[in-house]
Amino acid sequence: MTGLRVGVDTGGTFTDAVVADGKGGWRVHKLPSTPRKPDRAILAAATALAPPPNPSGRGSAGNLELVLGTTLATNALLTGKLGRVALVTTRGFADLLAIGRQDRDRLYCLEPRPVRPAQPRSRVVEAEERLDARGRVVTRLTPEECERIARKVAVMRPQAVAVAFLHSFRNPVHEIRLGRALRKLGVPVALSSEVAPEIREYERAATAWADASLAPVVGPALLSLDVSLKDGWGKGSQLKVMRSDGGTAGAREAALRPVHLAVSGPAGGLAAARTLAEARGDREILTLDMGGTSTDVALVGSGEPALAPVEVGGLPLLSRGLPLHSVGTGGGSLAGRDLGGALTVGPESAGARPGPACYGRGGGDPLSPTPTWPAAG
């Protein structure tokens with residue numbers, strides 16, 4: 001493919017773009033993000049560095065390759081601004097996500113409040129089906145039961161559906177059967193046997209739930225960006241989205257499995273830091289990447305880092321990624337007080353609208369900022 005390659009990193013507060021200047025240096029462009037329509041700021045940043053060709057022939061020559069790192073999924077998981085999801089699980093396991101694990105991060109805390117997916121009990125459907133630990137059918141999922149579940153889910157008007165049946169990592173037959181019925185509803189469906197076919201019921205269910213929750217947030221933005229890219233720079237233009245593991249995926253693949261973008265933006269920063277460290281001859285590095293909404297750190301030794309299960313905001317995901325740790329505290333995080341009067345910071349953020357307080361762009365109550373300036377792009 002001929003043309004330019006532009007790198008863009010978009011977060012909840014700022015969007016940054018970079019392109020090689022052809023002289024051994026770089027040109028960069030920074031502007032506020034547009035959280036409601038992330039593709040607007042991304043396109044504006046790309047246009048500033050590589051203008052699309054117009055009828056007069058002016059602009060960037062050839063097609064454009066846009067390599068995108070984004071904290072869209074990261075910030076959504078940290079702040080809880082996710083899609084409306086219906087969860088379908090085996091009868092008797094409706095409280096699977098609410099119970100989680102009995103781990104205690106703080107041993108001496110008398111009233112621990114572990115992080116749990118915010119899935120209302122009213123949007124959980126139990127299915128008459130059961131597999132044993134070896135994946136053998138104990139209670140068959142009938143076509144009639146699939147139709148009943150689909151009708152019940154339709155009444156909930158979800159934006160996406162997650163399915164997590166007991167032992168489905170051994171045998172996905174029931175999830176696949178129900179998936180066919182649910183996909184007729186016209187919303188994304190995340191099957192745990194496809195998203196995370198691994199042992200550990202809670203983690204597998206949490207991963208499928210996260211994938212479904214992110215689909216209405218991440219998917220439309222990526223697909224819209226892909227269409228705009230091809231319309232503006234040419235049909236041969238490509239959108240490559242950074243995954244949590246440091247690799248890239250096309251727009252449709254990334255939109256189909258958004259849980260693999262949980263630490264997309266931070267993974268790009270870590271990959272760049274490793275490249276620089278290797279050039280310098282450093283054996284071990286500690287990285288810190290602070291954005292407006294989240295902060296990411298990593299300790300990396302020499303050689304290729306081993307991939308590890310991803311955890312974002314205390315939510316364990318069976319999605320492998322670079323060894324990053326993310327917290328919901330960034331440069332634009334909002335401060336407040338809890339019920340006991342203690343200071344708290346985050347995970348809510350001022351984002352791009354109104355933006356961090358140091359920019360003086362308005363906002364009333366720190367916990368309920370009022371946008372007073374127009375979005376960029």
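The crossing of helices α2 and α7 is right-handed, and this is where the tour starts. The model on screen is a predicted one.

**Stop 1: α2 on α7**

Select residues 72-79 for α2 and residues 201-233 for α7. The axes of α2 and α7 are 10 Å apart, at a packing angle of about 135°. That angle makes α2 oblique to α7. Sorted by class, the residues in this contact are nine nonpolar, no polar and no charged. To see them, show side chains for Leu72, Ala73, Ala76 and Leu77 on the α2 side. Their partners in α7 are Ala210, Leu214, Val217, Val218 and Ala221.

**Stop 2: α1 on α7**

Keep α7 selected and add α1, residues 38-49. Two packed helices are described by the angle between their axes and the distance between the axes. For α1 and α7 the angle is about 30° and the distance between the axes is 9 Å. This makes α1 roughly parallel to α7. The crossing of α1 with α7 is right-handed.

Which residues of α1 meet α7? Select Pro38, Asp39, Ile42, Leu43, Ala46 and Thr47. Across from them, α7 contributes Ala221, Ser224, Leu225, Ser228, Leu229 and Trp233. The contact of α1 with α7 has eight nonpolar, three polar and one charged residues by class. Ala221 is worth a label here: it is among the α7 residues that meet α1, and also among those that meet α2.

**Stop 3: α4 on α5**

Now move to α4, residues 143-156, and α5, residues 173-182. Their axes come within 9 Å and cross at roughly 50°, which makes α4 oblique to α5. The crossing of α4 and α5 is right-handed. In α4, pick Cys146, Ile149, Ala150 and Val153; in α5, pick Arg177, Leu178, Ala181 and Leu182. By class, this contact has seven nonpolar, no polar and one charged residues.

**Stop 4: the buried side of α5**

Stay on α5 and select His174, Glu175, Leu178, Gly179, Ala181 and Leu182, which are buried. These residues cover an arc of only 160° around the axis, so they are on the same side of α5. An α-helix has 3.6 residues a turn, so residues three or four places apart point the same way. Leu178, Ala181 and Leu182 are buried and are also among the α5 residues that meet α4.

**Stop 5: two loop residues with positive phi**

Most residues other than glycine have a negative phi. Two residues to select here have a positive one.

Arg157 is in the loop between α4 and β9 (160-164). Its phi is near 50°. Is Arg157 buried or exposed? Arg157 has a relative accessible area of 69%, and is therefore exposed.

Next, go to His167, in the loop between β9 and α5. The phi of His167 is about 65°, again positive although the residue is not a glycine. Unlike an exposed residue, His167 is buried, with a relative accessible area of 17%.

**Stop 6: Thr295 in β14**

Finish at strand β14, residues 295-300, where Thr295 is found. Thr295 is buried, at a relative accessible area of 9%. What does Thr295 touch, leaving out residues up to four places away in sequence? Select Leu288, Asp289 and Met290, then His325, Ser326, Val327, Thr329 and Gly330.

Definitions and conventions
Residues are numbered from 1 along each chain as its sequence is written. This is a predicted model: local features need pLDDT of at least 70, side-chain atom pairs count only at pLDDT 80 or more; totals for chains, interfaces and linings use all residues. Side-chain values use heavy atoms; hydrogens and water are left out. Axes are lines fitted to C-alpha atoms, for helices over the stretch in contact, and angles run from 0 to 180 degrees between N-to-C directions. Helices (H or I, at least four residues) and strands (E, at least two) are DSSP runs, numbered from the N terminus. Angles under 35 degrees count as roughly parallel, over 145 as roughly antiparallel, 65 to 115 as roughly perpendicular and the rest as oblique. A crossing is left-handed if the near helix is turned anticlockwise from the far one by less than a right angle, and right-handed if clockwise. Contact means heavy atoms within 4.5 Å. Ala, Val, Leu, Ile, Met, Phe, Trp, Tyr, Cys and Pro count as nonpolar, Asp, Glu, Lys and Arg as charged, and the others, Gly among them, as polar. Buried means under 20% relative accessible area, exposed over 50%, partly exposed in between (1.4 Å probe, protein chains only). The arc is that of the directions from the helix axis to the C-beta atoms.
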